[in-house]
Amino acid sequence: MGPVGMAVVRDAGGAALPHGFWAAVRVWLEKPQVANRRLCGAAVQAEGPVPVGEGGEAPPSLGDLRGGGGGGGGAGQEGRAGAVELGRLWREVRDQLVLPPPLTPWGRAGELRAVLRMLLPRGRAAGPPVTELVLQDVYNGTVTFLPLEQNSEGKCLIKKCNIYQIQLTHIKDEEWSVSVVAAFPEDWFSDGIAYPKLTWLGSELLSKLAKWSVEQKPSEFKSTLSLISVAKYNKVYQGLKEKYKEMVKVWPEVTDPEKFVYEDVAIATYLLILWEEERKEKGLTKKQSFVDLGCGNGLLVHILNNEGHPGRGIDVRRRKIWDMYGPGTHLEESTIVPGDSHLFPDTDWLIGNHSDELT
């Protein structure tokens, strides 16, 4: 039984690998949606070292853990809960696990690192989140993905049919290989969302991992979505999408309704969660006010007004859809005089999603 897929990677000058491989794995762990578009994202619930063998409890250090998906403080309590959950899960599933060839068994003690993550399907009808325990073995260059499920008694079990492993192997000189291996390929169950077909893992995912491994560059910019909880974003987005889906059917503009409606729902979701976190951090009770400069169809203003945020949208041209929103949505057809930095002194936030409008 061979690997599901294998790609040979050339590391010119020997500057990228093996650290580039681990950076690529990190992308797949934290942002799986960049490869699998049927996922909204992943929420990392806990992370830290776990003992390879039976001996020693060696729970993860509190400072080495991340709790509950990020975005909004309380890391101390979440970290403690994450440490307990990670240690408990590992003790519960460790005895269930025997890695068959061609999966690589664990390396030396102290080299195994566990990540507990939740995969978040995109779409309301996509099913519940999927929990995985991911084990990184730096010594052997492997990452093993263990899907978890609970039985009727609440005991955590490994869903053995969908165990897979990503392997990095040094061939010679500047040549390396990246492989994807399934533990039981004949029993692989594809739900088409969190778990695509094995052919997808061996082609699409593998090609991206191989490319990222030698192209990863450190960025000085922080991902905007990392500022909020991906799990919360997914939940709020699905709720707003359901609430405003009728707008697609009555859209009077010549533009594509699905693109513009769901795009503005996504922007509104992000702002609503970000503003909620800001109110918590600053101890505010009043919802933030805003002005949307160049509001276009005005749907973002309509959603934010409906969700309780006082604000208005301004655009140089009135749209037909404005008449459909009702008096609770505040839109103005007007130009803005450039150079005046005190146009909106009583407004908390200025919004603009195009560079020409911002300038």
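Here is a short chat about how this predicted protein model is put together.

The model is predicted, so local features need pLDDT of at least 70 and side-chain atom pairs count only at pLDDT 80 or more, while totals for chains, interfaces and linings use all residues. Residues are numbered from 1 along each chain as its sequence is written, and side-chain values use heavy atoms, leaving out hydrogens and water.

Colleague: Which helix gives the most to the largest nonpolar core?
Modeller: Such a core is a set of buried Ala, Val, Leu, Ile, Met, Phe, Trp, Tyr and Cys residues joined through side-chain atoms within 4.5 Å, where buried means under 20% relative accessible area with a 1.4 Å probe, counting protein chains only. The largest one has 39 residues, and Phe21, Trp28 and Leu201 are among those with the most contacts inside it. Helices are DSSP runs of H or I with at least four residues, numbered from the N terminus. With eight residues, the one that gives the most to this core is helix α3 (residues 198-215).

Colleague: Which residues in α3 does α1 meet?
Modeller: Let's start from the α1 side, taking contact as heavy atoms within 4.5 Å. Gly20, Phe21, Ala24, Val25, Val27 and Trp28 supply that side. Their partners in α3 are Trp200, Leu205, Leu209, Trp212 and Ser213.

Colleague: Is α1 oblique or roughly parallel to α3?
Modeller: Axes are lines fitted to C-alpha atoms over the stretch in contact, with angles from 0 to 180 degrees between N-to-C directions. Those of α1 (residues 19-30) and α3 come within 8 Å and cross at roughly 130°. Angles under 35 degrees count as roughly parallel, over 145 as roughly antiparallel, 65 to 115 as roughly perpendicular and the rest as oblique. Therefore, α1 and α3 are oblique.

Definitions and conventions
Buried < 20%, exposed > 50% of the residue type's maximum accessible area, 1.4 Å probe, protein only. Helix = DSSP H or I, 4+ residues; strand = E, 2+ residues; numbered from the N terminus.
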